[in-house]
Amino acid sequence: MIFLIAGHGCGDSGAVGVNGRTESAETIKLRDKIKVHLQSNGAKFYTDDDHDGLATVLNKCNTVSGSVVLVIHFNAGAKTATGVEVIVGDDAQGNDLALAMDVLDVMIKYTGLKSRGIKKESQTPRKRLGMMREHGAVCLLETCFISNETDMQKYDNVASELARELAAVLIRHDAKAS
């Protein structure tokens, strides 16, 4: 089963970027675009509720070893910071890394943004991420820098195609796990 989670919720805007765009609103938009493609392909999936905080989302996720989990975020930094990165748990295994690489490849191919690579959660500012404790193939996508106007333009130009391709990646990994 696929678990598709929009980072930030329950009143947490996340990062605020170009033109006042909030990370929470952007993650929900991308999640919902991916969701449409999952539905049209008959995939079994779960999405978070926009009003749930992280603890509630974690309690509602009933992942198992064959699950596929994608958590969507947008990065923030200096206006010149750019690129896409995917985060995996410090204990990431082959399935986690394969999912992360496929997600990263899609993002780079469609946006043309710089690859910041696949990083372990201990390499992030928070050092430990709650969703990395879920079972199955798990990764967190830092879509682009919400604080960089060019990143956001490149993302906006291909958001629909990204949603379609990310859904295909999730479906493919879910089929491998079954």
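Visitor: What makes β4 and β6 count as paired strands?
Guide: In this predicted model, strand β4 (residues 84–88) and strand β6 (residues 137–145) are joined by 3 bridges and run antiparallel. Pairing requires at least two bridges found by DSSP. With 3 bridges, β4 and β6 therefore count as a pair. To see one of these links, look at Ile87: the bridge partner of Ile87 in β6 is Leu140.

Visitor: Where do these strands sit in the sheet, and what is the order?
Guide: They belong to an open sheet of 6 strands, and the order is β2-β1-β3-β6-β4-β5. The pairing in this sheet is mixed.

Visitor: Why are β2 and β5 said to stand at the edges?
Guide: β2 (45–47) and β5 (115–120) each have a single partner strand, so one side of each has no neighbour in the sheet. As for the twist, neighbouring strands are turned by 20° against each other on average, with direction ignored.

Visitor: How do you know that β1 pairs with β2 and, on another side of the question, with β3?
Guide: Count the bridges again. β1 and β2 run parallel and share 3 bridges, while β1 and β3 run parallel with 5 bridges between them. Both counts satisfy the requirement of at least two, so both are pairs. On the β2 side, Leu4 has Thr47 as its bridge partner; on the β3 side, Ala6 is matched with Ile72.

Visitor: Why is β1 described as largely enclosed?
Guide: In β1, 5 of the 5 residues are buried, so the rest of the structure largely encloses this strand. Ile2, Leu4 and Ala6 point one way from β1, and Phe3 and Ile5 point the other way. Residues pointing both ways are buried.

Visitor: Which strands does helix α1 lie across?
Guide: Helix α1 (residues 23–40) lies across β1 (2–6), β2, β3 (68–75) and β6. The helix runs at about 145° to β3. Helix α4 (residues 149–177) also packs on the sheet, where α4 touches β1, β3 and β6. The direction of α4 makes about 170° with that of β6.

Visitor: Why is Thr27 called buried?
Guide: Thr27 is a residue of helix α1. Its relative accessibility is 0%, and buried means under 20%, so Thr27 qualifies. Beyond four places away in sequence, Thr27 touches Ala6, Gly7, Ile72, His73 and Phe74. The C-alpha atoms of Thr27 and Val71 are 9.0 Å apart, although 44 residues separate the two along the chain.

Visitor: What makes the link between Ser24 and Thr27 a polar contact?
Guide: A polar atom of the Thr27 side chain lies 3.0 Å from the backbone oxygen of Ser24. The cut-off is within 3.5 Å, so 3.0 Å meets it.

Visitor: Is Thr143 buried or exposed, and how do you know?
Guide: Thr143 has 0% relative accessibility; the limit for buried is under 20%, so Thr143 is buried. Thr143 is located in strand β6. Among the residues Thr143 touches, apart from those up to four places away in sequence, are Leu30, Ile72, Met107 and Tyr155.

Visitor: Why is Asn19 called exposed?
Guide: Asn19 has a relative accessible area of 76%, and exposed means over 50%, so the name fits. Asn19 belongs to the loop between β1 and α1.

Visitor: What is notable about phi of Asn19?
Guide: Phi of Asn19 is near 55°, a positive value in a residue other than glycine. Most residues other than glycine have a negative phi.

Visitor: Which residues have the most contacts inside the largest nonpolar core?
Guide: They are Ile34, Leu38, Val103 and Leu170, in a core of 39 residues. The elements giving two or more residues to this core are β1, α1, β3, β4, α3 (94–111), β6 and α4. The most comes from α4, with 10 residues. A second, separate core has 8 residues, including Phe3, Ile5, Ile87 and Leu140. In soluble globular proteins, nonpolar side chains tend to be buried together.

Visitor: How many helices and strands does the chain have, and what share of the residues is buried?
Guide: The chain has 4 helices and 6 strands, and 49% of its 178 residues count as buried.

Notes
Residues are numbered from 1 along each chain as its sequence is written. This is a predicted model: local features need pLDDT of at least 70, side-chain atom pairs count only at pLDDT 80 or more; totals for chains, interfaces and linings use all residues. Side-chain values use heavy atoms; hydrogens and water are left out. Buried means under 20% relative accessible area, exposed over 50%, partly exposed in between (1.4 Å probe, protein chains only). Axes are lines fitted to C-alpha atoms, for helices over the stretch in contact, and angles run from 0 to 180 degrees between N-to-C directions. Contact means heavy atoms within 4.5 Å. A polar contact is a pair of N or O atoms within 3.5 Å; within protein, one must be able to donate a hydrogen and the other to accept it, and residues adjacent in sequence count only if both atoms are side-chain atoms. A nonpolar core is a set of buried Ala, Val, Leu, Ile, Met, Phe, Trp, Tyr and Cys residues joined through side-chain atoms within 4.5 Å.
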